[in-house]
Amino acid sequence: SWQVDLDAVSVTYPNGTRALSDVSLRIEPGEMVSIIGLSGSGKSTLIRTINGLVEATEGKVTVGPHQINTLSGRTLRDARGQIGMIFQGFNLAERTDVFHNVLVGRFAHLPWWRTLLDLPTQHDRDIVLRSLDSVGILDKMWARGGALSGGQKQRVAIARALSQEPSLMLADEPVASLDPPTAHSVMGDLLRINKEQGLTVLVNLHLMDLAKQYTTRLIGLRNGQLVYDGPIHDATDAH
Ligand code: ADP
Ligand code: ADP
């Protein structure tokens, strides 16, 4: 599992919005950490900077063995191939069955045109089945994405990320569109994966309750600045 290091990272978007200001932090391998902040505080930008979707305008972003803000092209794609991403909106293909939605994760390290040519191996199939099993939706394998509930869709998205055999898992508001019981069970899946596989997990949340229940360390952002980094129980001022 990968460590994540941000050293004095700032992000200014082309339109002039300064979304992160001088953020420094370190996530140890195998940690599960919540990032908390109001809408617009920079949580998504932080996640997207760590997986190289957004470029740091200042500072250094080190993810596992990679200084991600200096990579491009194939090396960036290879690094991203080892980073599982989960989003609020699931990003599944609605007309495609669950098996193939998850199989896409196996090809995450390939250029898009290779994904049209490469056939899955038996090993790829085995990993897909194992990933589905680990989030308890093996029985939905042949259901179409569009036929699933929100909670099932998010589990498919987690399985897709797991099928990458990731070294780091990033989740951007993964439970924001789920009802509370479903949100709890999806958070429970993430925590279990963190514990069982020792996988580093960073999760953006807007609810302090969930952060408290599922993680022991919290990072608080406000207006792009890091305003808290520590154990949950001291964090009452962070929001
Ligand atoms: P959060 O995830 O906490 O809601 P974001 O990282 O999405 O925060 O946004 C932080 C700030 O950056 C906000 O002011 C938002 O409007 C702005 N922002 C986000 N994405 C972009 C973008 N692509 N271009 C310009 N501004 C952006
Ligand atoms: P979030 O849930 O993180 O607050 P938003 O709804 O603010 O997300 O943003 C959704 C998308 O719009 C993101 O891809 C973000 O990059 C983009 N975005 C957000 N704010 C701006 C902005 N001010 N200018 C351009 N794009 C933006």
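This section describes the overall fold of a predicted model, the surroundings of its two ligands, and a few individual residues.

In the predicted model, the protein chain contains eight helices and 10 strands. Its radius of gyration is 17 Å, close to the 18 Å that the globule rule gives for 239 residues, so the chain is as compact as a globular protein of that length. The C-alpha trace extends over about 45 × 40 × 35 Å along its principal axes. Of the 239 residues, 51% count as buried, while the area exposed by the protein chain comes to about 11,100 Å², with 50% of it supplied by carbon and sulfur atoms. Among contacts in the protein chain with a separation of 6 or more, 70% are accounted for by residues 24 or more positions apart.

Ligand 1 has 13 residues around it, and those that come nearest are Gly40, Gly42, Lys43, Ser44 and Thr45. By class, this shell divides into three nonpolar, eight polar and two charged residues. The greatest contribution to the shell comes from helix α1, residues 43-50, which gives four residues. Several polar approaches to oxygen atoms of ligand 1 can be listed: a backbone N or O atom of Gly40 lies at 2.7 Å from an oxygen atom of the ligand, a polar backbone atom of Ser44 lies at 2.8 Å from an oxygen atom of the ligand, and an N or O atom in the side chain of Lys43 is found 2.9 Å from an oxygen atom of the ligand. On its own, ligand 1 has 560 Å² of accessible area, and the protein covers 65% of this.

The surroundings of ligand 2 consist of Asn15, Ser39, Ser44 and Arg48, a shell with no nonpolar residues, three polar residues and one charged residue. A polar side-chain atom of Ser44 is placed 2.8 Å from an oxygen atom of ligand 2, and an N or O atom in the side chain of Arg48 lies 2.9 Å from an oxygen atom of this ligand. Taken alone, ligand 2 exposes 550 Å², of which the protein buries 26%. Ser44 thus appears in the descriptions of both ligands, with a polar backbone atom 2.8 Å from an oxygen atom of ligand 1 and a polar side-chain atom 2.8 Å from an oxygen atom of ligand 2.

Helix α1 is itself mostly covered, with six of its eight residues buried; these are Lys43, Thr45, Leu46, Ile47, Thr49 and Ile50. Just after the helix, Gly52 adopts a positive phi of about 80°.

A link between α1 and strand β8 is provided by Asn204, which is located in that strand, residues 200-205, and which counts as buried because its relative accessibility is 0%, where the limit for burial is under 20%. A polar atom of the Asn204 side chain lies 3.0 Å from the backbone oxygen of Lys43, and the side chains of Asn204 and Asp172 are joined by a polar contact of 2.9 Å. When neighbours within four places in sequence are left aside, the residues in contact with Asn204 are Ile35, Lys43, Ser44, Ile47, Ala171, Asp172, Glu173 and Pro174.

Two further residues, Ala8 and Arg18, belong to strands of the N-terminal numbering, Ala8 lying in β1, residues 4-12, and Arg18 in β2, residues 18-27. Ala8 is partly exposed, with a relative accessible area of 28%, and, apart from neighbours within four places in sequence, is in contact with Asp22, Val23, Ser24, Glu58 and Gly59. The C-alpha atoms of Ala8 and Gly37, which are 29 residues apart along the chain, are separated by 19 Å. Arg18 is likewise partly exposed, at a relative accessible area of 41%, and its side chain makes a polar contact of 2.8 Å with the side chain of Ser21. Residues up to four places away in sequence not being counted, Arg18 touches Ser10, Val11, Thr12 and Glu58. A separation of 41 Å is found between the C-alpha atoms of Arg18 and Asp124, which lie 106 residues apart along the chain.

Terms used: Residues numbered from 1 in each chain as written. Chains lettered and ligands numbered in written order. Heavy atoms only, no water. Near = heavy atom within 4 Å. Polar contact = N/O pair within 3.5 Å; in protein donor to acceptor, adjacent residues only side chain to side chain. Areas by Shrake-Rupley, 256 points an atom, 1.4 Å probe, with all protein chains shown as cover. Helix = DSSP H or I, 4+ residues; strand = E, 2+ residues; numbered from the N terminus. Nonpolar A, V, L, I, M, F, W, Y, C, P; charged D, E, K, R; others polar. Rg over C-alpha atoms; globule rule 2.2 N^0.38 Å. Buried < 20%, exposed > 50% of the residue type's maximum accessible area, 1.4 Å probe, protein only. Contact = heavy atoms within 4.5 Å.
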